Each structure stands twice: as C-alpha cells, then as structure tokens.
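Colleague: I would love a close look at one part of this model, with enough of its surroundings to place it. Could you walk me through chain B and the side it turns to its partner?

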Amino acid sequence: MKLGLIEDVCSGCRVCEMVCALYNRGEQNPKKSAIRISGDFPVPGKYHIHVCNQCGKCAEVCPVGAITLKGEAYIIDREECTGCGLCVDACEAKTMFTHPAEIAPIKCELCGECVRLCPRNAVVDLDGEVVAPK
Amino acid sequence: MMNGYGGKILRIDLSSGRFEVQPTPERMAREFLGGRGFAAKLLYDGLDPATEPLSPANMVIIASGPLSGVFLPGSGKITFAAKSPATGGYGDSNMGGHLASELKYAGYDAVVISGAAEKPSYISIDDDRVEIREASKYWGRGAIETEKALLDDLGEDFRVATIGPAGEKLVRFACVSHDFGRQAGRTGIGAVLGSKKVKAIAVRGSKAIPLADPKGVLAKGREMFEACFAKPGFREWTPYGTAGVTDWVNEVGAFPTRNFQSSFFEGHKEINGQRLKEKILVTDKGCFGCPIPCGKYSRTKGIRGSGREKESVYVEGPEYETIALLGGNCGIRDIEDVAYLNHVCDELGLDTISGGNVAAFAIECYERGILNRESVGRDLAFGDAGSVAYLLEKIARREGIGDTLADGVRIAAARFGGGSERFAIHVKGLEVSGYEPRWAPAMMLSYMTADVGAHHNRSWAITHDVATGRDSLEGKADKVIELQHTRPLFDVLGVCRLQWVEIGFDLHYYEEIFPLVTGWKYTWKDLLTVSERVWNLTRAFNIKHIDGFGRSYDYPPARFSEDPVPDGPAKGKCIPREKLDLLLDEYYAKRGWSKDGRPTEATLRRLGLENVAEDLVEQGRL
C-alpha cells in the first residue's frame, strides 16, 4: 500500500484523524492520530494533509533499533522506544507526532483506515489494495 | 467518569477573574444530555428573571453534547446560549467547525461565563490550564482577522471563537464566529460576550473522550459513515451545499424578497448554488467529522464603490440563509455581491440572517419615506449592494441610523413609527429566516412557536407544507411538534442534523450508537422525551423572564396575515389571523399548554420538570 494525498479535495473534516486514533490506539482522541489536517485560512483557503511517507529516516536515527520496516511500513516497537525524540527531529516531513501522555511517537503504519473512511477520497491507496466504497 | 462526556463543567466569573471546575452532574446529564439541554437547564437555574441580557449578571453557556467529538458523521456541533438581547428570552445558536470536539478533548462539557471583565479579554483553555488574558490588541478588529491573529499568537492547533466589532458594540444580532466562517449566528450571543468584554475563547485539548464500548463505536461509526457514502445525496447534494436549495424555494414561492414584500425573486438564478460553484468556489470546507461539507469557501472581490474592487476577498459561503436574506431580501442579484456582503457581516461579527432583514427593513422604510437621505446619510435602494454594505457598517459601529438599527427591527420599528411595525419581519424580536411563510402554514407555525424567535432550524417544515397541501391546516401542528422535538435533539446530542435532513441518513443510527458511546440505554423515544423536556423548559424560561409572555408573543408581523403575496407562485396568499389562531389552538392543546401558551402544571410534571412547575406557580406565572 502506498498513500497518495490529494489535498485539493480535502475538506478538513478530520474523519481520518478520528478513525486513525480510534483504530490504532483505541482512543477517541485525534491528538493521538498519525495523520493530521491543517488549513491555510483565511487566505488562500486550502487544506494540507500530513502523514508519514515511509522514507525510513526515523529508523536510521533510532539509537535502540525500535523502528523497523515490516512489509511496506516502518513500525515503532512501543516497548523498545525510549522516547528520546531523535526520530521526531530527523523527520523532514514532520509526521512523527508526539503526545504528552505517550512515550513513543505516533506514526502511520499503513493500516488503511483513513483511505476507507475519507469521505472525499483525499487519501487514497496508489497501489489499489484498499479501495474505498465512495 | 461518565462515558461520552468530557466530565467537567468550567465556570468562569469574569468580575473576580476566578474560575472553578466541577464534575458534570450525572443527573443533569441523564435528564438533559448536553448541548442545548445543558444550556437551558443552566440558564433556567442560574438566572434571575430581572437579569438584563447585556448586564454582567447574564451568563453565556458554551456546551457540547455526548456525541460531540465522537467517531460518527457530523459530530462537531456546539451550542452558544444566553438570555437573548434580541428577544429578552431564552437564546441559543448552534455552530459547527472544530470547537465542540476540541472542548471535549480538553475535558469540558460546558463552559459557563458570568460577570464582566474590566478590560478587553480572551479566555484561553489549554486542557487544565485556564487563563483570562488581556485582549486589548485584538479589540476593535474583525472577527476573522482576530481568529487568524490569535492562531498566529497561540499556535495553529488551538480552536478559536471570536466576536467582531458588532459584538463589542452590543449589536443585538451580533454573532460568534469560528473556523473562518462558521457562526453561532442567531439571538445575539456575540453581544452578550461583548458586554462581558470577551473578545475570544481559545481552546486546545489533548485528552480522550471515554467511550463505553470503543470497538463498538468504531464498528458502528464506520457503518454510519458508509451509510452516508451510499446515499445518492452524498454526491448530488454536497457540491452545492445549502445554496443548492435556492431555485426550489423560489419555485415554491417561499423566497424572502425585498423585505418579505414578495416570495419570489426574479434574480434567483444569479445567486444560486450553481452560480456559486461556477464563479467563486475555492474549496469545500467541512466541520469536524462531516462527510457532506455544506461549507463552501469562496473568493470574490469588493463591490463597486467599496474601494476593494481589485482585491480578492475570501469568505465561507454564502450558504442558503445568507443568499436568501442578504441576496433576495435585499434585492441583490449577483452571487459575487452577496459573497462580499457575507464577508462584511463575517468580519463585523453580524448574523447574516438578521443583518439582511434589518438592512432590507431600513431600505423599505426609506422607500416609503419613513427614513430619508438626511436621517440615513445616503440614498438607499433594493438591489444596491452599496446600500446594504453601508448599513451593515453603520450598524456594527452604532453610528448614525445604525445605532437604532443595531437593536433589530422590533425596536427600530417602534422608534421609526410610520406604520413600519407592519413590515418589521420578526417574531419575539428575532428576525425571520429564509423561508417566506405566507403560503406555508406549518412553516408559519414553526416561526411563531420557535423558542428563540423566528428561526427555521427548530422546525424546517416548508417541505411538509409543499408535500401535504399548503392551503390546509390539517396535520400541520402535529408535524411542527414532531420536528421541534427531532431537530433540536441534534443540538442536544451535539451533532449536525444535515446528514438526516439533506441526504436522508437514517435516524435509527443515533439510537444505536448512543449506548455504545455513553453506556446508557435510551430508545429514540426516550431521546425525544429529553428534547420535549428541553422545549418546555425554554418556554418556561420565557414565561419566567418576559412579563406578560404568552400567546401574544407567538404572532408573526401583520404583513404575513394581512398582505397577500403580490406576485410569483404564491400570488394572492397569506394566512389570516383567524387561521393563525386555529393553528395556535391546536398546537397548544397538543403540547399540553393552556390557551395562552403556557405549559400546564401537569405537562411540566409529566416531563420531570416538577421544580419548574413549582417555581412558576410560586412566581404566579403559571
């Protein structure tokens, strides 16, 4: 699965944030989501989608080897992670998110829930494995 | 801990600069659920009937509901409420955007703001850190401009509600603004915040909302979203949003035109949803959790004479109500001009519904010679966007004629005289929204009996009129009561009703997800009973707070019962007073209210409002 982002059709509803945190962390809390939406308002009126592009920089810098490639996604071993924050600093896309109640950062592990639930098809699977019924 | 709730109520007293946090009372939650229910309960219990709406003693309630912020379609609705400066009675207004969810994630079900600050202030709520901060540098600035400035100062992950200059100047139809174009528009809550010197409320929350069954919510929430995706309206309605209804409302002769003189606007095809999409749309803009964003973010340019003709002007909208009131009702037949006037209202912090009404009222007064060039300061004409922009600016700053118009059409007509009361289009002091009801008895009754005054959202019955016969009164009271329980229930639960109203999303889903969220078994009927309880409580509030309140407050302006529609599909139609009386008699009887429109003691007791019954009896008001 490879995520494609079509920001022009994003409406900023943040359904992706909700389902991400609920599915992956079992919590009704978008601040624990691995995908985030921001908006440029009032001018020019455009949304941006922030989610990991699986570049692997985080794994390269992790001093305890807590981030490894499994299939197509880099996965954090949340037991091994010490919360040092090196990966967060190294992430050029700024998509290693942190939360005050979590030691380990939060990143996209390609579960595909945002693709299924995005009402706008603004997040898509470019490999076509997850097809959303919209 | 209560599942589905933030768990706390934040009470802020601006006069002392203190705040306290209390657990959300479980009994209040079970009886009133949240949102508008909490607002009605807190205001009824908290306000003395002598409270002046724009005095420090008034309270502003900001309340989400048990479904706000939860994984289901449209879970981003929040209620702003206070004793209304427009009506003197119960006032609330509902807003989308991303504030309801954020407030819940910060752990609060409601914020209760009382007292008044000495200096311009804003309230910052960052999880458990609550501060009242100086806001002098934002005071006087536009509502949208202030939101941007606060986000720049605090960080873009805050969610901010603001008022504009109109709220600061205590305009009785000043709104609360959020998310660059969502408003709690009606009943003048912006003025109440202004009277308290509160320029803004900024919220950031990082916590989870506890759920009774998180896996169950995930599964049911998915099912609900997918059910929305499968509705034909998901694709057909969304591209135009509420603006898409403009043509239909004209075809059925219900479009406010030139201060409700007519109900058909010949220029409607120039201001409809199609024109919006072709000419000015930038992006669809969704509220939290919304699969069918009605928000249309647009780019227009300044109107002729504004000095901004070459400038790009951005605005969320215009949505249907704005098209109706700033468009047809002011005779404006260009979507770009309507969008510009929308922008003017948004920055000034004026409700576009009342704003369009008041401007149109002034223009009609001018045309009839009740106002003149000298009293107004310029010429006024329907169809001239410059006239409308001029009036809006004067109103928001309370300059010249604007100082009187800022009090709304009821008070302005009383001052202007000259028969202008006949065409001051309001009920209870709140100007009428975008459906002309002279050939729509259920819609007429909806306006007459809405607790906050003539607002459409409590009962949007025009479709029922069209479907079941517009000359007959039969079944109309029943339908209005049904809608007045169903629609405001969404404001109690903290979710948007448009998934149901616009694309036919099935109501049973709410009953199904409610226990998964809260752990409480409420049938749909139980939920509707809560809504009926709230409806009677807001009526009781009005009876307690307004001397002589009753039937006489439930009539529309004389124009609606005495002046037949002059042209268009509804030509010749109006609803004479005797028919209005038949509607009211039936409505009161079915509600268990007296002939004067007061809930009987038995009705209040049936709904678990024993303390309200006792209170009203004690005050000699039942």
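Modeller: Happy to; here is a tour of chain B, from its overall build to its core and then to its contacts with chain A. Please keep in mind that this is a predicted model.

Let's begin with the fold as a whole. Chain B contains 27 helices and 17 strands. Its radius of gyration is 22 Å, close to the 25 Å that the globule rule gives for 622 residues, so chain B is as compact as a globular protein of that length. Along the principal axes, the C-alpha trace of chain B spans about 60 × 55 × 50 Å. Of the 622 residues in chain B, 63% are buried. If you take the contacts in chain B between residues at least 6 apart in sequence, 71% of them join residues at least 24 apart.

Now for the interior. The largest nonpolar core has 245 residues, and those with the most contacts inside it are Ile61(B), Leu350(B), Ala362(B) and Leu392(B). Helix H13 of chain B, residues 352-367, provides the largest share of this core, with nine residues. Leu392(B) is a good place to zoom in. Leaving aside residues up to four places away in sequence, Leu392(B) touches Val344(B), Cys345(B), Leu348(B), Leu350(B), Gly355(B) and Ala359(B). Leu350(B), one of those neighbours, is itself among the core residues with the most contacts.

From there we can move to the partner. Here 32 residues of chain B are in contact with 26 residues of chain A. On the chain B side, helix H4 (143-154), helix H7 (214-230) and strand E13 (281-285) each supply at least two of the touching residues. H7(B) gives the most, with six residues. Sorted by class, that side of chain B has 20 nonpolar, five polar and seven charged residues.

To finish, one spot on chain A itself. Val130(A) lies in the segment after strand E6 (123-125) of chain A. Val130(A) counts as partly exposed because 17 other C-beta atoms lie within 10 Å, while a buried residue would need 20 or more. Not counting residues up to four places away in sequence, Val130(A) touches Met1(A), Gly112(A), Val115(A), Arg116(A) and Asp125(A). As for Lys31(A), it is 99 residues from Val130(A) in sequence and 25 Å away in space, C-alpha to C-alpha.

Note on methods: Residues numbered from 1 in each chain as written. Chains lettered and ligands numbered in written order. Predicted model: local features only at pLDDT ≥ 70, side-chain atom pairs only at ≥ 80, totals over all residues. Contact = placed C-beta atoms within 7 Å. Helix = DSSP H or I, 4+ residues; strand = E, 2+ residues; numbered from the N terminus. Nonpolar A, V, L, I, M, F, W, Y, C, P; charged D, E, K, R; others polar. Core = buried A, V, L, I, M, F, W, Y, C linked by C-beta atoms within 7 Å. Buried ≥ 20, exposed ≤ 12 C-beta atoms within 10 Å, placed from the backbone. Rg over C-alpha atoms; globule rule 2.2 N^0.38 Å.
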